[in-house]
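Dear colleague,

I am handing over the structure below, and I would be glad if you could look through it before reading on. My notes on its charged side chains and its cysteines follow underneath.

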Amino acid sequence: MGAARPRRWRLPFQRSAPSSPSSKSSAVPYSPARSAAAAENDRKWEEEATPPEFVCPILGLLMADPVILPSGHTYERACLQACADLSFFPPGAGSGSDAMIPNSALKAAIGTWCARSGRAAPRPPSREAARAAVLRAMPPPAPSAAEAKSVRTRRTAMASSSNSSYSSPASATSTSTYTSSSSEITPAEDDAAAAKPEAAAVDPLEDQVVATVMDADEDGEVAAALAALLEATRESAERRRALCTPRLLAALRRVLLIPRHASARVDATAALVNLSLEPPNKVRIVRAGAVPALVEVLRSSAPPEAREHAAGALFGLALAEENRAAIGVLGAVPPLLDLLTSPAQHPRARRDAGMAVYHLSLAAVNQTKVARFPGAPKALLAVASSAAEPTPIRRLALMVVCNVGGCAEGRAALMDAGAVAAVSGILLSDHDARVAELEEWCVAAIYALSRGSLRFRGLARAAGADRALRRVAEEGTPGGVRREMARKTLRAMRGDLDEEADLTGSSLECGDGGEDCGGSIVSDGLMSFRRRQRDVGASSGGNTAEF
């Protein structure tokens with residue numbers, strides 16, 4: 001026996017066009033008495049084909065109550081409820097515990113389209129209709145290994161009997177050739193068909209962990225299963241890729257969302273950290289809906305070790321560029337900022353939270369989230385300015401400030417929080433070894449704040465930023481990024497940036513209009529500085545340590 005082959009959905013993505021008055025009357029012969037208004041209505045009806053994004057992939061009809069899953073897929077709510085009742089889930093649904101978020105924008109778009117095209121607004125399907133649609137989309141059960149072996153045995157017996165049957169001497173050659181070729185091809189096809197369930201066999205540990213999490217009543221059993229899973233994720237990259245399945249990730253989400261599994265939550269978050277080490281797993285984990293569970297661990301009174309691992313897991317997931325916007329939308333930025341700016345937390349947890357926020361703030365959508373979060377700019381500047389904070393934590397805060405300063409809204413929020421004075425104060429403080437490590441990030445932050453802001457010149461002069469920048473411009477390495485940024489910022493303070501030739505041979509802004517470029521500083525000097533930022537972000541405690 002063996003594990004059943006995973007079923008594949010047969011979703012009606014290719015649907016027949018809805019019936020229309022023109023199709024119903026196509027068999028009616030043309031009559032001169034037919035009104036021009038009816039013909040015009042028929043033509044408009046034909047042109048208004050149903051947009052495929054308005055149709056539920058399971059039901060095949062317009063959605064009346066569309067809901068979006070953490071994976072980004074949208075379905076009719078009644079169909080997902082029917083899927084949960086039948087314990088079968090469409091692609092992207094993960095498990096029955098996934099949060100179903102109402103897609104208000106899509107619902108409004110469907111209503112507007114129906115009103116414009118003269119159709120009635122869709123109504124939610126009944127429970128029976130949704131269940132019938134799910135049953136139609138479900139594939140037939142795959143034959144078990146025993147059934148496949150039985151079929152193969154019968155075919156082999158039939159081939160043997162045909163070989164031993166009587167044939168005339170004249171046709172002996174052709175008959176033997178045909179039967180021998182059949183006996184060679186059929187077993188090979190059967191072997192290939194029998195090998196498919198083995199190739200898709202589920203890891204025994206996955207079955208054990210899923211069964212324990214779903215059925216066990218004792219916390220000790222769940223903790224033992226998660227401890228075994230954590231050990232398995234330490235073995236090899238191949239094992240981590242094999243274990244990163246929707247079923248296992250759904251079980252881990254369940255553990256993270258149940259507060260009574262205290263010790264198991266620690267091992268579950270650590271296992272997610274290890275699974276996120278493999279690049280192919282990063283997108284799978286986000287699409288499986290693990291981010292809301294990790295955010296819940298950060299917000300709850302979970303053990304400190306679990307919160308530390310949750311921050312590390314989000315850091316690892318944020319390394320993938322395609323995950324950053326989704327992680328920000330799912331609410332990870334505020335708890336990570338709280339963890340980074342809280343001196344009472346463990347330095348390692350704060351470091352992982354800072355690296356996660358830094359990589360998330362590389363996406364423009366998350367830069368505005370940091371800028372709009374109440375108190376975030378002031379808290380970041382307080383951490384960066386405090387001499388009592390560890391230097392790596394101060395550097396991370398400045399790195400986030402540099403990213404947030406890449407958008408106009410972020411620059412305004414930082415200036416309102418006193419960023420120019422705070423960063424200038426760091427540069428003007430006693431020039432010891434710790435300040436020397438922060439100098440490059442301070443210059444980059446001031447340079448970012450100087451872009452396209454009329455307020456900057458007055459604030460920088462009041463804070464004495466020109467003295468600090470002049471020292472950097474004089475002492476810096478000729479042609480170095482830090483020196484060039486300091487010189488450009490000084491020219492911006494004097495207001496003569498547009499009157500002189502650019503020192504690096506490129507314009508300060510993206511285009512002629514001086515718009516922001518997705519939050520990146522686009523001069524040649526600062527672009528190279530950004531690359532060095534990413535290198536530091538990937539190397540300073542990057543997502544390479546296993547737990």
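**Salt bridges and cysteines**

Please keep in mind throughout that this is a predicted model.

I began with the charged side chains, since side chains of opposite charge can pair when their charged atoms come close. The structure holds 18 salt bridges, and I describe a few of them here.

One of them joins arginine 77 to aspartate 65, with 2.7 Å between the closest N and O atoms. This pair links distant parts of the chain, 12 residues apart: arginine 77 belongs to helix H3 (residues 77–86), whereas aspartate 65 sits in the loop between helix H2 (36–47) and strand S1 (66–68). Arginine 77 is partly exposed, its relative accessible area being 21%, and because buried means under 20%, the residue falls outside that class.

Another salt bridge brings together the side chains of arginine 234 and glutamate 231, at 2.6 Å from N to O. Both partners count as partly exposed, arginine 234 with a relative accessibility of 33% and glutamate 231 with a relative accessible area of 44%.

In helix H10 (residues 237–243) you will find glutamate 238 and arginine 241, which are 3 residues apart, or about one turn of the helix. Their side chains meet in a salt bridge of 3.6 Å, N to O. Glutamate 238 has a relative accessibility of 51% and therefore counts as exposed, the cut-off being over 50%, while arginine 241, at 32%, counts as partly exposed. The pair also has further company, in that Glu238, Arg240, Arg241 and Glu278 are linked in a network of salt bridges.

I then turned to the cysteines, bearing in mind that a disulfide is a covalent bond between the sulfur atoms of two cysteines. How many disulfides does the count come to? The count comes to 0 disulfides, and the pair formed by cysteine 56 and cysteine 79 shows how the rule applies. The cysteine sulfur closest to that of cysteine 56 is in cysteine 79, at 4.0 Å, and the closest one to that of cysteine 79 is in turn the sulfur of cysteine 56. Because a disulfide requires the two sulfur atoms to be within 2.5 Å, this separation of 4.0 Å is too far for a bond. As for their surroundings, cysteine 56 counts as buried at 0% relative accessibility, and cysteine 79 is buried as well, with a relative accessible area of 0%.

With kind regards

Note on methods: Residues numbered from 1 in each chain as written. Predicted model: local features only at pLDDT ≥ 70, side-chain atom pairs only at ≥ 80, totals over all residues. Heavy atoms only, no water. Salt bridge = Lys/Arg side-chain N within 4 Å of Asp/Glu carboxyl O. Helix = DSSP H or I, 4+ residues; strand = E, 2+ residues; numbered from the N terminus. Buried < 20%, exposed > 50% of the residue type's maximum accessible area, 1.4 Å probe, protein only.
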